[in-house]
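Let's take a walk through this structure together, one piece at a time. Have the viewer open, and follow along as we go.

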Amino acid sequence: MWSFSRASISWTNPGFRAFVYQAISLVLVVTLFWFFISTAHENLQRLHIATGFGFLENTAGFGIIQTLVPYSEESSYGQAFLVGLLNTLVVAGVGIFFATVLGFIIGIARLSSNWLIAKLAMVYIEVLRNIPLLLQLFFWYFAILRPLPKPIDSITPLPGVYLNNRGIVLPQPVMDGSAGAFFLVLFLALCFAYGLHRWALKRRLATGHTFPALPVGAAVVVILPLLVWLIGGAPLHLEFAEHGRFDLTGGMRLLPEFIALTLGLALYTAAFIAEIVRAGILSVSKGQTEAAYALGLKPGQTLRFVVIPQSMRLIIPPLTSQLLNLTKNSSLAVAIGYPDLVAVFSGTVLNQTGQAIEVISITMAVYLVLSLITSFLMNIYNARAALRER
Amino acid sequence: MEWMRKNLFSSWGNSLLTIVALYLVYIIIVPFLDWAVFSAVFTGDSRAACLGPDKGACWPFVYANWDQFVYGRYPEAERWRVNIVFFLGAAGLIPLLMPSVPAKLYNVIFLLVAYPVLAVILLVGGRPGLPMVDTSYWGGLLVTLVVAVTGIVVSLPLGVLLALGRRSEMPVIRMFSVIFIEVWRGVPLITVLFMASVMLPMFLPEGVTLDNLLRCLIGVALFSSAYMAEVVRGGLQSMPKGQEEAARALGLSYPQTMIFIILPQALRHVIPGIVNTFIGLFKDTTLVLIVGIFDLLGQVRTQLSDPNWSAPQTAVTGYVFAAALFWIFCFGMSRYSTFMEHRLNAGHQR
């Protein structure tokens, strides 16, 4: 492709033309980059702004309201970055869980034969997805959560759950010494249930005999750990928050920023997921369902064994991109003061160090890596799930 | 009656669901109506009217600040210019959206070329008879529409070029297009805006300064053209290869093939996708408030901090009002996209 004989150096030769076009665009892009880099270099020297990534080891000197790893004002900028990254991942993880569950429920409700349920789901979708997410976050945070009463007059929707303007306080699970055995048994039971499911599936595919793997597995997962828990003398109990003089003490506290962000992200993304689920289920042709009924499958079985496996192939790729969107949208945290990666790093750290180029590049790189990993995994999935036509 | 039995109470489970749903509707609708109408305050000129334990929405807040919501701090004597721009935009857009009105090509040229130039001249000013209005005075719905329209006008041609680049047979051009598209699509818009407002000035030579709004417009335009490129690529991929081969066989050059044969068909295929990108872009314009530009939402927040209106219910009222306005725009666009989808499908059904 790149080789052309002397005789073909002429404008009528498409290979030569392509070579010239590409050479020109390459030169243009390189020049543009060179121009930007050299002016940036000059500007930085003129303004006496430090360069390089050495700042990551300097002392941060600011506090963060939610930290999952040990962090104090003496920690470095690098550790502040880690805290911000973990906060982003936590809010994205929790948001993804709730958005997926809610999205599937609403998507299925949208197809319900019950007119009222279907209309309710439609109204939910049309309202939520046509209002900017940032506006929804402001609404939850500034209009709903901040005006809640002071801790001393907390609202108590359930015993042990307190709702106030400093967030929500839940009972904290506390473990004693023998709790390890409980978790070990729980883990083993889960492994057993999974193995049972695999074995039952294999047997069903091979012989057609069904085995109630789900109820048996569920029973094992519930009963065995419960037994160990009772024998061990209830090593795991809930510690309830108590009213102190001004505030509640004890318990597990979730910040209002965290709640507003999770709530906003989950409700907003669920509307999009619901539409994806609906389109996926509708894409399975009616003939499939009718054929399944004709074979004597019950409606539940038809849904489980015929419709859902086929619709998943269409649901999963756009679903992943929605979940990735949710992760990227979690950067709106900066607007309501939740200390996520953008708020901590591109906000506070950038203001303190002034090293805009490095800070913004690192932040963008994190999101870019997340989305590249996701699209890599998606490509593998698509290759595996692609319809094999015979 | 028959309809109710069939659609609401066909079985025990369904009846139960209906009752639960009715209860849900009841606990949502009744308090909302109470808040928005029955307990709402409709008259007054300050927070005093809206204070009180059992007061609902504070609507005077909305009409007292209406001008700010639409124009921001644009000088009052010059607001007629904004009105003309709004009017011209509507005059150009409405016939374009109606499939039966002819001369679509001239209409598009007016909207994509003449209108932006006119709008910039009118809004920025700096000519005899039109005093200069610095963009820091712009705000409200004006800024929301400026950001959205710029994003749309720039992203469509740029997105088409990028999509063609991504499907090009020249490896260097393809690589540049893929990198550009994937980088912009992989990062959140907020980091792009931070980049535009904090990092971009560092890359400009000394003495060259770009207006904050202009920098954000560049960021939004590049960001949305990457998304547009992927939509257009979908359209290009849906074209049968025979179309291009036939055009080339007739002796059309590559640009001719694309402009006269491929793109008109491909773009028509993806009108719903393009409109969806516009909706996303329109909603994303709210993010500019994080870098200090007062769009509609930013303006609502500014007016909320006015001590004259600080009452418990004004915040909720302000956000509900802004949400309603955004909803009308976005829902309108999505309805239009569904309408076009049906129209396009109708042409394919025999």
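Buried residues account for 35% of the 350 residues in chain B. Keep in mind as you read that this is a predicted model. In its secondary structure, chain B has 15 helices and zero strands. If you lay the C-alpha trace of chain B along its principal axes, the span is about 75 × 70 × 40 Å. Take the contacts in chain B with a separation of 6 or more: 68% of them join residues 24 or more positions apart.

How is chain B divided into domains? Domain 1 covers 91-130, while domain 2 is assembled from 134-202, 210-303 and 322-350. Between the C-alpha centres of domain 1 of chain B and domain 2 of chain B there are 18 Å. Chain A also has a domain 1, at 6-47, and a domain 2, made of 77-171 and 240-385. In chain A, the C-alpha centres of domain 1 and domain 2 lie 43 Å apart.

Now for a helix pair inside chain B. Two packed helices are described by the angle between their axes and the distance between the axes. Helix α7 (residues 140-166) of chain B and helix α13 (residues 271-284) of chain B have axes that come within 9 Å and cross at roughly 145 degrees. The crossing of α7(B) and α13(B) is right-handed. On the α7(B) side the contact uses Ala148(B), Gly151(B) and Ile152(B), and α13(B) answers with Phe278(B), Leu281(B) and Phe282(B). Sorted by class, this contact of α7(B) with α13(B) has five nonpolar residues, one polar and no charged.

One loop of chain B deserves a stop as well. Most residues other than glycine have a negative phi, and most peptide bonds are trans. Ala103(B), however, has a phi near 60 degrees, a positive value in a residue other than glycine. You will find Ala103(B) in the loop between α5 (79-97) and α6 (104-124) of chain B. Is Ala103(B) buried or exposed? Ala103(B) has 11 other C-beta atoms within 10 Å, so this residue counts as exposed.

Let's move to chain A and begin with helix α4 (residues 133-145) of chain A and helix α7 (residues 256-283) of chain A. Their axes come within 9 Å and cross at roughly 140 degrees, and α4(A) and α7(A) are therefore oblique to each other. The crossing of α4(A) and α7(A) is right-handed. From α4(A), the residues making the contact include Leu133(A), Leu137(A), Trp140(A) and Tyr141(A), and from α7(A) they include Ile259(A), Leu263(A), Gly264(A) and Tyr268(A). The residues of the contact of α4(A) with α7(A) fall into 11 nonpolar, two polar and one charged.

A second pair in chain A joins helix α2 (residues 77-110) and helix α3 (residues 115-129), which pack at an angle of about 130 degrees with axes 7 Å apart. That angle is why α2(A) and α3(A) count as oblique to each other. The crossing of α2(A) and α3(A) is left-handed. Ile106(A), Ala109(A) and Arg110(A) of α2(A) take part in the contact, and among their partners on α3(A) are Ile117(A), Ala121(A) and Ile125(A). The class count for α2(A) with α3(A) is eight nonpolar, no polar and one charged.

While you are at helix α3 of chain A, look for Val123(A), which lies in that helix. Val123(A) has 12 other C-beta atoms within 10 Å and so is exposed. Its C-alpha atom is separated by 33 Å from that of Pro339(A), 216 residues apart along the chain. Ala365(A) sits in helix α12 (residues 356-385) of chain A. With 14 C-beta neighbours inside 10 Å, Ala365(A) is therefore partly exposed. From Ala365(A) to Trp229(A) the C-alpha distance is 45 Å, with their positions 136 residues apart in sequence.

Finally, let's see where the two chains meet. The contact takes 44 residues from chain B and 48 residues from chain A. On the side of chain B that touches chain A, α2 (12-38), α8 (171-186), α9 (189-199) and α15 (312-348) each supply at least two residues. Which helix gives the largest share of that side? α15(B) does, with 11 residues. By class, the side of chain B that touches chain A divides into 34 nonpolar, eight polar and two charged residues.

Notes
Residues are numbered from 1 along each chain as its sequence is written. Chains are lettered from A and ligands numbered from 1 in the order in which they are written. This is a predicted model: local features need pLDDT of at least 70, side-chain atom pairs count only at pLDDT 80 or more; totals for chains, interfaces and linings use all residues. Domain bounds come from an automatic or database domain assignment. Axes are lines fitted to C-alpha atoms, for helices over the stretch in contact, and angles run from 0 to 180 degrees between N-to-C directions. Helices (H or I, at least four residues) and strands (E, at least two) are DSSP runs, numbered from the N terminus. Angles under 35 degrees count as roughly parallel, over 145 as roughly antiparallel, 65 to 115 as roughly perpendicular and the rest as oblique. A crossing is left-handed if the near helix is turned anticlockwise from the far one by less than a right angle, and right-handed if clockwise. Two residues are in contact if their C-beta atoms, placed from the backbone, lie within 7 Å. Ala, Val, Leu, Ile, Met, Phe, Trp, Tyr, Cys and Pro count as nonpolar, Asp, Glu, Lys and Arg as charged, and the others, Gly among them, as polar. A residue is buried if 20 or more other C-beta atoms lie within 10 Å of its own, exposed if 12 or fewer, and partly exposed in between; C-beta atoms are placed from the backbone.
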